[in-house]
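This report covers salt bridges and one helix pair. Please look over the sequence and the structure before reading on.

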Amino acid sequence: MTVWDRSPLPLLLRLLLLLLLLLLPSMREVRAQVENRVIFLPGTFQNVSVSQNETVQAVVSRIPPEVAFITLQFHTQHRNVTLSYARLPGLGLSVTAVDSGLLSTLEPGVTSLSLFLSTLDSDTVAGTGVILPFSGADPVPGACNIEFNLDIDPNVYVHYNLYETTIRFAPANLGYERGDTPPPCDESTEPATRWRLQYDIYQYFLPENDLLESSLFRGIQAMADTQGMMENGKRVLTLLSTDMSMAVFNSIPGQGVIYSVVVRDPLLNTSASYVPVHTYACSFASTLDGCETLGKISTKVFFTITGLAGLFVCFFGHRFFKCELFCMGFSFSAFFFFVLITRTTDLTYDLRLALSAVIGVVGGVLLVMSWWRFGSVMICVVVVGLMLGFLIASTVLFTPLGDIDVFRNSDVVFWVTFCCFLVIVPLFFVRWPREGNIITCGVVGAYAVILAVNAYMYTSLSYITLNILKRLQNNNFSAMFTDVPFQTIDYIMITVWVVLGVSGVVLQLYRERSRPFFPPSPYLMWLQERERRRTNVLDPSHHFAPLPNRLLARARQLTKRMEPAGEHTPLLL
């Protein structure tokens, strides 16, 4: 049998195996590209994970012809992700941030497009993204950008420090249809130009004491578009096109906040949203004082002692008058000295806190000694009344009343109003000194307990006094919005404050109802006692030697050799 008689089947199998081996690498490459490709549906959030040295292609297809431009926004909790128009990111074609977004204008006939996600982080970065479509009548966010890298920048940029959080964004332009020429940005300020646009700033607080990624993503989904912002967020400010495109807020370290901007066209009654941005006003990367370890040990120790002292003053302050005066003098001196050294020195926080505590002790001792030496209850009660006036003034201006434009735009008006509350309260103490002193013990002592709780668990009530402290330390604090979240823990703390304060006031008023208004001065009592002993010869104490002589005689007894007891002469019969 010749070779021509053999069956061709084994030869065909070999050729097929060889062909498969040759095509295997290309098939692997195709499979990898498919795995790194994510399909986005307009308005639907998509969770995406991006690894190092990996580029994820975000594909948008079936775009309706009435859509003139779209934005892709992508959010992570604290790791940067690069969002770019091309597979290889470049200057002016990409943005790198934890909250990033790109706006793509569409040409006629375009029904799909692709954007790209990448990261330089060594760990896999998880995030969530969404595509939002807009029509030609909607304003174009960031289309008149002259400050940031992108030609059209729909992003909101956030910067924070201990005192303030600042957001900035690029101005928008009027909308236009596919294929049309964009309207000019700065040729004129007529109503037919982009100068008629208005910008609404929205704020959304995440749950307190919650640093979970899932909570952030739920908040982002609630604030992603215009409708969500209006339903879930709080509009805190409206800017005109003639205003600077920025806003300043009070920093709340450890509290998650989402900021976003909606640009409105009042003539066409249309709107579009910028890319929301979030901040915790702290760093997740810092191991010393990051978001996870926000409370300093020194702060916890200081306010724990303060809370215990406040609890004692709340229920026993008037009974132990000297202890109350020391605590009030300590608080008064430590607070203002902390402000002074913060404004005038560059010392570390722990050193400033330690020095303030030392000065507070000195202030408390001086207040006690002034009462001990001079016996003037009224002067001490006025100082105590200033403490209550300070807390009442801080509480009033902590409410939305403090965000009225007249207080935000003028430091003079703010501080005059504050001082009026501060001075009026001690005037009532002149007529009812004991009742005013007991009320101060209950209210201020209970608030000290709230501050101690805040050292371990965040509560917005701490910002009643912290906002005043920040305003004293920062000259530009008046321009900030001081909104804070008011959630379940805050209502619990208000209840605790009220219950402790009322209980302390009622208990002390009941216990002191039959006692003298205030204890007498020890120094004045000693002078009266000494004068009485000098003039009353029938008083047995009148015949006692003076105290220095008695001490000297006692010392001589201790150092003098004792004579043996017994008789030294013979007994006479």
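Is R471 buried or exposed? R471 is buried, because its relative accessible area is 9% and the cut-off for buried is under 20%. The model is a predicted one, and the values below are computed from it.

**Salt bridges**

R471 forms a salt bridge with D411, and the closest N and O atoms are 3.0 Å apart. This pair links distant parts of the chain: R471 lies in helix α11 (residues 463–473) and D411 in helix α9 (residues 411–431), with their positions 60 residues apart in numbering. D411 has a relative accessibility of 29% and so counts as partly exposed.

How many salt bridges does the structure hold? There are eight. Side chains of opposite charge can pair when their charged atoms come close. Three of the pairs, including the one just described, are listed here.

| Arginine | Aspartate | N to O distance |
|---|---|---|
| R196 | D265 | 2.7 Å |
| R264 | D200 | 2.6 Å |
| R471 | D411 | 3.0 Å |

The salt bridge between R196 and D265 has its closest N and O atoms 2.7 Å apart. It links distant parts of the chain, 69 residues apart: R196 sits in the loop between β11 (164–169) and β12 (198–205), while D265 belongs to strand β15 (residues 257–265). R196 is buried, with a relative accessible area of 16%. D265 also counts as buried, at 2% relative accessibility.

R264 and D200 meet through their side chains in a salt bridge of 2.6 Å, N to O. Here R264 is in strand β15 and D200 in strand β12, and the two residues are 64 residues apart. With a relative accessibility of 24%, R264 counts as partly exposed, whereas D200 counts as buried at 2%.

Elsewhere, R79, D121 and D123 are linked in a network of salt bridges.

**Helices α4 and α12**

How do the two helices lie against each other? The axes of helix α4 (residues 297–316) and helix α12 (residues 488–511) come within 7 Å and cross at roughly 45 degrees. Because of this angle, α4 is oblique to α12.

Which residues of α4 meet α12? They are L311, V313, C314, F315 and F316. On the α12 side, the residues met are L500, G501, S503, G504, L507, Q508 and R511. The residues of this contact divide into seven nonpolar, four polar and one charged.

How values were computed: Residues are numbered from 1 along each chain as its sequence is written. This is a predicted model: local features need pLDDT of at least 70, side-chain atom pairs count only at pLDDT 80 or more; totals for chains, interfaces and linings use all residues. Side-chain values use heavy atoms; hydrogens and water are left out. Axes are lines fitted to C-alpha atoms, for helices over the stretch in contact, and angles run from 0 to 180 degrees between N-to-C directions. Helices (H or I, at least four residues) and strands (E, at least two) are DSSP runs, numbered from the N terminus. Angles under 35 degrees count as roughly parallel, over 145 as roughly antiparallel, 65 to 115 as roughly perpendicular and the rest as oblique. Contact means heavy atoms within 4.5 Å. Ala, Val, Leu, Ile, Met, Phe, Trp, Tyr, Cys and Pro count as nonpolar, Asp, Glu, Lys and Arg as charged, and the others, Gly among them, as polar. A salt bridge is a side-chain nitrogen of Lys or Arg within 4 Å of a carboxyl oxygen of Asp or Glu. Buried means under 20% relative accessible area, exposed over 50%, partly exposed in between (1.4 Å probe, protein chains only).
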